[in-house]
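Please open the model in your viewer and keep the selection tool at hand. The stops below are meant to be taken in order.

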Amino acid sequence: LFDLDDTLIDGDSATLWFDFLIEKGIAPQSMQAEEHAMIQQYYRGELAMEDYMVFTLQPLIGKTVAEVETLMQELLHRSIVPRLFPQGLDRLQWHRDRGDQIILISASGEQIVKPIAAYLGIDDVIAINLEQNEGCYTGKTTGVLSYQQGKVTRLQQWLTEHPISLKGSYAYSDSINDVPMLEFVEMPWVINPSARLQMIADQRGWFIAQWQRKHPDWSNTIPILLIK
């Protein structure tokens, strides 16, 4: 299980996406400060995700899925790929070499997460699902939000359709919000943790890793993906 934001990428994909919508004139500049304030609540583990999604999905109301996919592809190659942690790509490849099932599990919307997963060659995605009507986004979400305990609930739902043993399972996350998911697996990895998460990881003997955008052995800060 790989979290996405600040775990595989250096930054929050939802904020990058929202800032991109503002740059394109799709979302008004006046919404930026509130979105950034909400993300700070997220980092503290205090965000009401339902409120965040209602707020940030407003600019997508009536937009077609195809329109949004085109926008996301531009953001992906311009802003997401350069932020990938090389060490995260190394761990993805390590799990592939072992033949492990890999799931990208995120509290960001599926319109953001699925294109990133496709780029990374990850087939299984758990993200916040968005409601559609006749090929357009309605501004609403559907199902359980994959946030905090909701990630475990969504994972349990996924496991009912994919009867896979969790013996020897791994999870990677940077976030205090993902403590329930980290508790759910046998091998929790904490990536670039905050002080609060560092304390929990120390108490429980979880593995702690520091990932950087520039790999010590690499001359280029932009990783080259070889698994397209």
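Which residue lies over the face of Trp94? Select Arg91, which lies over that ring at 4.1 Å from the ring centre; a charge counts as sitting over a ring if NZ of Lys or CZ of Arg is within 6 Å of the ring centre and within 35 degrees of the ring normal.

Before going on, note that this is a predicted model, in which local features need pLDDT of at least 70, side-chain atom pairs count only at pLDDT 80 or more, and totals for chains, interfaces and linings use all residues. Residues are numbered from 1 along each chain as its sequence is written, and side-chain values use heavy atoms, with hydrogens and water left out.

**The aromatic rings**

Across the whole structure, a search finds 10 aromatic pairs, where rings of Phe, Tyr and Trp (its six-membered ring) pair if their centres lie within 6.5 Å, and planes under 30 degrees apart count as stacked, over 60 as edge-to-face and the rest as tilted. Keep Trp94 selected and add Tyr170: their ring centres are 5.6 Å apart and their planes stand at 75°, so this pair is edge-to-face. The pair links distant parts of the chain, since Trp94 is in helix 5 (residues 86–98) and Tyr170 is in strand 4 (residues 170–173), 76 residues apart; helices (H or I, at least four residues) and strands (E, at least two) are DSSP runs, numbered from the N terminus.

Tyr170 is buried, with a relative accessible area of 15%, whereas Trp94, at 32%, counts as partly exposed (buried means under 20% relative accessible area, exposed over 50%, partly exposed in between, with a 1.4 Å probe and protein chains only). Next add Tyr172, which forms a stacked pair with Tyr170, at 6.2 Å centre to centre and 10° between the planes; Tyr172 is buried too, with a relative accessible area of 0%. To see the cluster that ring pairs link together, select Phe2, Trp94, Tyr170, Tyr172, Trp189, Phe207 and Trp211.

**The sheet**

Now move to an open sheet of 3 strands, which has the order 1-2-3 and mixed pairing; two strands pair if DSSP finds at least two bridges between them. Strand 1 (103–109) and strand 3 (136–142) stand at the edges, each with a single partner strand, so one side of each is left without a neighbour in the sheet. Strand 2 (residues 124–133) pairs with strand 3 in the antiparallel sense over 4 bridges, and selecting Gln132 leads to its bridge partner in strand 3, Tyr137.
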